[in-house]
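Work through these exercises with the model open beside you. Try each task before you read its solution.

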Amino acid sequence: MMEKQKLLDALINRGMIKWGNFTLRSGEISPIYMDCRSIISYPPLLRAVANALWGKIKHLKPSLLCGVPYTALPMATAISLGQNLPMLMCRKEIKEYGTKKQIEGVFKLGQDCLIVEDVVTTGGSVLQIAEILKKHDIQVKDIVVLVDRQQGGKEALLAAGYRLHSVYTLDGIIKVHI
């Protein structure tokens with residue numbers, strides 16, 4: 001398993017963590033931007049991220065995983081394959097054709113599911129997926145994330161009854177790389 005500092009360096013060297021002056025979706029300006037979408041092009045790095053995420057939550061022994069669309073889906077898939085753990089895929093909206101399912105995969109009512117996310121800022125995307133899962137009687141208690149931007153997401157998730165487990169925090173990344 002790649003140690004935490006080497007993994008962070010690899011994410012920076014591959015351009016997934018960028019330094020500069022960036023406008024976030026919220027409109028805020030940030031000196032750091034995280035974009036893990038290209039991780040799918042680096043299988044060893046994707047595997048290392050999946051291992052780091054799993055290392056944060058393996059003690060929870062979840063019975064299902066669900067990645068937040070879209071960037072976290074490959075991360076959840078890598079964990080699923082590495083741990084032989086079933087996965088669900090959640091659509092943000094219901095399709096108007098085909099099976100019209102919002103959740104793909106096999107599950108039992110009341111089963112517990114761990115949500116996987118790449119970056120949490122306000123927690124909005126995670127809360128949306130958690131609510132969809134809850135509507136289908138799937139239990140969500142925990143979320144694992146690669147980076148917590150420390151901009152209210154952890155607190156919003158906690159207020160909604162969820163625990164956030166992060167591999168990195170924004171402050172931790174900045175302290176190491178300034």
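**Exercise 1: Strand register in the sheet**

In β4, M89 is the bridge partner of G67. This is a predicted model. Start from that pair and place it in the sheet.

Task: Find which way strands β3 and β4 run relative to each other, parallel or antiparallel, and over how many bridges.

Solution.
- Step 1. Locate the strands. β3 covers residues 64–67 and β4 covers residues 87–90.
- Step 2. Read the direction. The two strands pair in the parallel sense, over three bridges.
- Step 3. Widen the view. The open sheet has six strands, in the order β5-β4-β3-β6-β7-β8. Its pairing is mixed.
- Step 4. Check the edges. β5 (103–104) and β8 each have a single partner strand, so one side of each has no neighbour in the sheet.

As background, strands of a sheet pair through backbone hydrogen bonds, either parallel or antiparallel.

**Exercise 2: β7 and its partner β6**

Task: Work out how many residues of strand β7 are buried, and which residue in β7 stands opposite V116.

Solution.
- Step 1. Mark β7 at residues 139–148. Eight of its 10 residues are buried, so the strand is mostly covered, taking buried as under 20% relative accessible area.
- Step 2. Mark β6 at residues 112–120. β6 and β7 pair in the parallel sense over seven bridges.
- Step 3. Pick out one pair. V116 stands opposite V144 in β7.

**Exercise 3: Two buried side chains**

Task: Decide whether H165 is buried or exposed, then do the same for L46.

Solution.
- Step 1. Place H165. It is found in strand β8, residues 163–169.
- Step 2. Apply the cut-off. H165 has a relative accessible area of 16%, and buried means under 20%, so H165 is buried.
- Step 3. List what H165 touches beyond four places in sequence. The contacts are K56, I57, L60, D142, I143, V144 and V145.
- Step 4. Turn to L46, in helix α2, residues 43–57. Its relative accessible area is 14%, so L46 is buried too.
- Step 5. List the contacts of L46, again leaving aside neighbours within four places. They are I39, P74, M75 and A78.
- Step 6. Take one of these contacts further. L46 and P74 are 28 residues apart in sequence, yet their C-alpha atoms are 7.8 Å apart in space.

**Exercise 4: Unusual backbone geometry**

Most residues other than glycine have a negative phi, and most peptide bonds are trans.

Task: Find where the peptide bond from P69 to Y70 stands, cis or trans. Then find what phi N84 takes and what phi D137 takes.

Solution.
- Step 1. Check omega. The bond from P69 to Y70 is cis, with omega near 0°. Y70 is found in the loop between β3 and α3 (72–83).
- Step 2. Check N84. Its phi is near 55°, a positive value in a residue other than glycine. N84 sits in the loop between α3 and β4. At 72% relative accessibility, N84 counts as exposed.
- Step 3. Check D137. Its phi is near 60°, also positive in a non-glycine residue. D137 sits in the loop between α4 (124–135) and β7. With a relative accessible area of 43%, D137 is partly exposed.

**Exercise 5: The hairpin**

Task: Describe how strands β1 and β2 pair, parallel or antiparallel, and name the bridge partner of K18.

Solution.
- Step 1. Mark β1 at residues 17–23 and β2 at residues 29–34.
- Step 2. Read the pairing. The strands run antiparallel and are joined by five bridges.
- Step 3. Name the partner. K18 is bridged to Y33 in β2.
- Step 4. Look at the turn. Five residues lie between the strands of this hairpin, and G27 takes a positive phi near 95°.

**Exercise 6: The whole chain**

Task: State how many helices and strands the protein chain has, and what its radius of gyration is.

Solution.
- Step 1. Count the elements. There are six helices and eight strands.
- Step 2. Read the order from the N terminus: α-β-β-α-β-α-β-β-β-α-β-α-β-α.
- Step 3. Compare the radius of gyration with the rule. It is 16 Å, close to the 16 Å the globule rule gives for 178 residues, so the protein chain is as compact as a globular protein of that length.
- Step 4. Check burial. Of the 178 residues, 44% count as buried.
- Step 5. Check contact range. Among contacts with a separation of 6 or more, 61% join residues 24 or more positions apart.

Key
Residues are numbered from 1 along each chain as its sequence is written. This is a predicted model: local features need pLDDT of at least 70, side-chain atom pairs count only at pLDDT 80 or more; totals for chains, interfaces and linings use all residues. Side-chain values use heavy atoms; hydrogens and water are left out. Helices (H or I, at least four residues) and strands (E, at least two) are DSSP runs, numbered from the N terminus. The radius of gyration is taken over C-alpha atoms; the globule rule is 2.2 Å times the number of residues to the power 0.38. Buried means under 20% relative accessible area, exposed over 50%, partly exposed in between (1.4 Å probe, protein chains only). Contact means heavy atoms within 4.5 Å. Two strands pair if DSSP finds at least two bridges between them.
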